[in-house]
Amino acid sequence: MKTRQILLDSNLVSKCLNESPSFSADKAHLVLAFGQRTLLEKVQPYSTLHQIYPNATIVICSSSGQISNQVQIEESLVATAIEFDKAKIKSVVYDVLDGDSIQQLGSKVHDELTAPDLRAILVLSEGSHVNGSELIQVLAQQTQGKIPFFGGLAGDEFSFEKTVVGLNTDASPGKIVAVGFYGEGLEFGFASEGGWADFGPEREVTHSDKNVLYKIGDRYALDLYKEYLGKYADELPGSALYFPLSMKETPDAESVVRTILSIDETQKSMTFAGDLPVGARVRLMRGNMDRLVDAAAEAAKQIRTSLPHPPQIAFLVSCVGRRIVLAERIEEELEVIKNTLGNETVLFGFYSYGEISPNKQKLGCELHNQTMTIATMYEA
C-alpha cells in the first residue's frame, strides 16, 4: 500500500504533505477528501482531484475539521490517496432526498458490495437528514452483522445548516457513500473511546420515538436533565455537549454515547443524534479535557497492541462535540494517537456529526457520539 496526502486551498493550489516512495498518481485506487462545506461549495474540487488521480474512486465529504498527518486540523481541503498492491474496492452511492426508503440502500449494499473476500465497508453519510441509528441497523441486517463498518456522518463546521457528500462528483446534500474493501491481504484494526464518566443513577427510558426522548422513568426527560445540569441548564442545548448520555439497549450491551441535538420546551423532550429505544438504560455523563485526551490515547493503544506491526494508515473520525469541548487543546488527541501508532502510520480523517465504528467485539458497527474512533489498515 502506498499513499499521498495533499492540501487544496481556496484557489485549488495543492501542497503535498507526505508521499510514499514510488507512489503513482495514475495508479491510485481511492481518494478520500474532507473539507469545510462552504469551501467545497465554493471551489468544487472534484475536477481538480480527478485530473490529479484520473483512475481513482474519489469520495468528497464535508466536515467539522479536517485531520492531516501533521496532527493538525487544517483550513484547506485534505485529500488522501491510496494505492493498493493487490486489494480491490467497490463503491455505491444513495440519495436520501429522493424519497426512497433507507432499506433500499441496504439492499444496494447487499447486492453490489457483498462478496466472499469483503473485509470491511467504509460509510460516509450526509449528517443533516439521515437517522444514523436506522442507517446502521439496516446495514448490519444486510450483512448479518459479520462485516465491520466504519466511517461517520458528514459535518458542517459548527453551523449545523447542511452537509454534503459526493462519489466521483462534487459533494451535494443527501448523499450516502459506501466503499467496500476486498482482499485476503488486508488487515483492519478498530477502536473507539470517549473519556466521559457516568454520574447519577442509571434510569430506564419509558417514552421515546426513535431519537426523540420524552420520559426517563416517571419524569419528563428535559425536566430531569435540567435538574442535573444546574447552572448549565440555562445554556441548553449548547451546554449538552458537556453532558451527553450513556445508553445501553440491554443490560449486557456495550454502552454508547448519545449527544443532544435540540430540545422542545413545550413537550419537555430532547432530540438526540441516535436512537434511544424504550427500555434502554441511560445515565448522564461528564468529562474533562485530560480524560478526553487520555481516551484517544487508549483507543490507539488498543489497536497498536493488537497488531503485529504498525498500521500503514489510520482513519480518525472524532465528534464535533469533542472539538468544541477540547477547544485549543483539540490537537492533543491527534498527537497522542500519532505517538502511539508511530510515524510509519499516515493519519487522516475528520470531525463529524456522528461516528460509525464496530463494537468492542469487532462485529457489525455502532453509532457513536462524542467519541474518538480509529480504523487502521495494513496490506500484507
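Me: Helices (H or I, at least four residues) and strands (E, at least two) are DSSP runs, numbered from the N terminus. This is a predicted model, where local features need pLDDT of at least 70, side-chain atom pairs count only at pLDDT 80 or more, and totals for chains, interfaces and linings use all residues. Residues are numbered from 1 along each chain as its sequence is written, and side-chain values use heavy atoms, with hydrogens and water left out. So, to start: which strand holds alanine 314, and is this residue buried or exposed?

Reply: Alanine 314 is part of strand 22, which covers residues 313-319. Buried means under 20% relative accessible area, exposed over 50%, and partly exposed in between (1.4 Å probe, protein chains only). Alanine 314 has a relative accessibility of 0%, so it counts as buried.

Me: Who touches alanine 314, and how far is it from lysine 338, C-alpha to C-alpha?

Reply: Contact means heavy atoms within 4.5 Å. Leaving out residues up to four places away in sequence, alanine 314 touches Leu341, Thr345, Val346, Leu347, Phe348, Ile374, Ala375 and Thr376. Lysine 338 sits 24 residues from alanine 314 in sequence, and the C-alpha to C-alpha distance in space is 9.2 Å.

Me: What about threonine 371: where does it lie, and is it buried or exposed?

Reply: Threonine 371 lies in the loop between strand 25 (366-368) and strand 26 (372-379). Not counting residues up to four places away in sequence, it touches a set of residues including Glu193, Gly194, Val257 and Arg322. Its relative accessibility is 3%, so threonine 371 counts as buried.

Me: Glutamate 193 just came up as a neighbour of threonine 371. Which side chain does the side chain of glutamate 193 make a polar contact with?

Reply: Glutamate 193 is found in strand 13 (residues 186-193). At a relative accessible area of 17%, it is buried. A polar contact is a pair of N or O atoms within 3.5 Å; within protein, one must be able to donate a hydrogen and the other to accept it, and residues adjacent in sequence count only if both atoms are side-chain atoms. At 2.6 Å, the partner of the glutamate 193 side chain is the side chain of glutamine 302.

Me: Let's move to strand 9. Which residue of strand 10 stands opposite leucine 122?

Reply: Strand 9 (residues 118-125) is mostly covered, with seven of its eight residues buried. Two strands pair if DSSP finds at least two bridges between them. Strand 12 (residues 175-182) runs antiparallel to strand 9 over seven bridges, and leucine 118 has tyrosine 182 as its bridge partner there. Strand 10 (residues 149-153) pairs with strand 9 in the parallel sense over five bridges, and opposite leucine 122 stands phenylalanine 150.

Me: Which strands are the edges of the six-stranded open sheet?

Reply: Its six strands follow the order 2-1-7-3-4-11, with mixed pairing. Strand 1 (residues 2-8) runs antiparallel to strand 2, joined by five bridges, and glutamine 5 stands opposite asparagine 18 in strand 2. Pairing on one side only, the edges are strand 2 (14-19) and strand 11 (165-167).

Me: At what angle do helix 3 and helix 4 pack?

Reply: Residues meeting across the two helices include Ile102, Leu105 and Val109 in helix 3, and Leu135, Val138 and Leu139 in helix 4. Axes are lines fitted to C-alpha atoms, for helices over the stretch in contact, and angles run from 0 to 180 degrees between N-to-C directions. The axes of helix 3 (residues 102-113) and helix 4 are 9 Å apart, and the packing angle is about 35 degrees.
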